[in-house]
Amino acid sequence: MASSVGKVELRPLGNTGLKLSCVGFGASPLGNVFGPVSEDDAIASVRQAFRLGINFFDTSPYYGGTLSEKVLGKSLKALGVPRNEYIVSTKCGRYAEGFDFSADRVTRSIDESLARLQLDYVDILQCHDIEFGSLDQIVNETIPALQKLKEAGKIRFIGITGLPLGIFTYVLDRVPPGTVDVILSYCHYSINDSTLDDLIPYLKSKGVGVISASPLAMGLLTESGPPEWHPASSELRSACKAAAAYGKEKGKNISKLALQYSLSNKDISSVLVGMNSIRQVEENVSAAIELANNGKDEETLSEVEAILKPVKNQTWPSGIQQS
């Protein structure tokens, strides 16, 4: 059990043998995706995350047009610790200039990513937002190319990411068992949408590890509310706004409740949260440790769930996210 000054819990990731911190460091903000972040702040955030037990760092060449990878690479190097003490995941197939899941592009992509990250290998390479490509190309061309990268020692494990849950079963049903090691799903395991839960028994049967991102539903579950471009319906937005206001009235922060809700599912190996400051790192870690020590705030949570019940599991179609 974590103590008040302890570290976050580590959880096994499918059949990989990796143990990921239950809170993962989402590095997209290091690419200035949500506003400028100084290099000093980035390095300090990564250092504090690592010190508090976060060992999983996730990025992509798409975030900030390669800036996130470069800044994360510098920040990890600044830690000055052995490479096997942290786990790095990056992605391929989605770039500032568009999507390209061809074998040639993803093969070049990893070399570019390794150079930016200043690493010899990444632990996980994921096909990024595969619903925007041809799923048959992912099955027949992209994943076989990634297997070659695995054999070459440039990557250790293969993953796929995206919004619609159906893409995961489509691919996993068509590749040999053990080919895909991990899936990264976002916006499908939080107070307003827990549909990922329905897929977990299937993923476990395939030995596939589960990472969940965006526990705050891309800003819906925050006191400040989502960005203007958020694709949620007005009904979903207003319900989340009401839930946040109710929490605030009771002295409870909706974002913390949402993170703890996501973390409470032990079948999810890591919940990825975007971070760009020491304060954010410490808030997320303390929420995880508080959950480990005291459990969920069932009373407030059930009241918030009641507010969100009319819009529960209401999702939105994939769209090109803007920053």
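Tutor: A strand, as the word is used here, is a DSSP run of E with at least two residues, and strands are numbered from the N terminus. Keep in mind that we are looking at a predicted model.

Student: Which strand does D123 lie in?

Tutor: D123 belongs to strand 8, the run covering residues 122-127.

Student: What makes D123 count as buried?

Tutor: Its relative accessibility is 1%, and buried means under 20%. The value falls below that cut-off, so D123 counts as buried.

Student: Which residues is D123 in contact with, leaving aside neighbours within four places in sequence?

Tutor: They are L18, R83, Y86, I87, V88, R156 and F157. As for K150, it is 27 residues away from D123 along the chain, and the two C-alpha atoms are separated by 9.7 Å.

Student: How do you know whether E69 is buried or exposed?

Tutor: Set its relative accessible area of 0% against the limits: under 20% is buried and over 50% is exposed. E69 is therefore buried. This residue sits in helix 2 and touches T59, S60, P61, T90, S113, R116 and L117, if residues up to four places away in sequence are not counted.

Student: Why is N32 called partly exposed?

Tutor: N32 has 34% relative accessibility. Partly exposed covers what lies between the 20% and 50% limits, so the label fits N32. You will find N32 in the loop between strand 3 (23-26) and helix 1.

Student: What is notable about phi in N32?

Tutor: Phi of N32 is positive, near 60°, and the residue is not a glycine. T66, also not a glycine, has a positive phi of about 85°; T66 lies in the loop between strand 4 (56-58) and helix 2.

Student: On to the helices. Why is helix 1 called oblique to helix 2?

Tutor: Helix 1 (residues 39-51) and helix 2 (residues 67-79) pack at about 55°, with axes 9 Å apart. Roughly parallel needs an angle under 35 degrees, and roughly perpendicular runs from 65 to 115. The angle here fits neither range, nor the one over 145, so helix 1 is oblique to helix 2. Their crossing is right-handed. On the helix 1 side, the contact residues are E39, A42, I43, V46, R47 and F50; helix 2 brings V71, L72, K74, S75, L76, A78 and L79. By class, that contact has nine nonpolar, one polar and three charged residues.

Student: What makes helix 1 and helix 9 roughly parallel?

Tutor: The axes of helix 1 and helix 9 (residues 278-294) cross at roughly 20° and come within 8 Å. Angles under 35 degrees count as roughly parallel, so this pair earns the name. The crossing of helix 1 with helix 9 is right-handed. A44, S45, Q48 and A49 of helix 1 meet I278, V281 and E282 of helix 9, giving four nonpolar, two polar and one charged residues.

Student: At what angle do the axes of helix 3 and helix 4 cross?

Tutor: The axes of helix 3 (residues 103-117) and helix 4 (residues 135-151) cross at roughly 35° and come within 9 Å. Helix 3 supplies A103, V106, T107 and I110 to the contact, while helix 4 supplies E141, T142, A145, L146 and L149. Of these residues, six are nonpolar, two polar and one charged.

Student: Where does UniProt place the domain feature?

Tutor: The unreviewed UniProt entry puts "domain: NADP-dependent oxidoreductase" at residues 23-289. That span is 42% helix and 17% strand, and its end C-alpha atoms lie 10 Å apart.

Key:
Residues numbered from 1 in each chain as written. Predicted model: local features only at pLDDT ≥ 70, side-chain atom pairs only at ≥ 80, totals over all residues. Heavy atoms only, no water. Axes fitted to C-alpha atoms, helices over the stretch in contact; angles between N-to-C directions. Helix = DSSP H or I, 4+ residues; strand = E, 2+ residues; numbered from the N terminus. Contact = heavy atoms within 4.5 Å. Nonpolar A, V, L, I, M, F, W, Y, C, P; charged D, E, K, R; others polar. Left-handed = near helix turned anticlockwise from the far one by under 90°. UniProt positions renumbered as here; feature names shortened; annotations may be inferred. Buried < 20%, exposed > 50% of the residue type's maximum accessible area, 1.4 Å probe, protein only.
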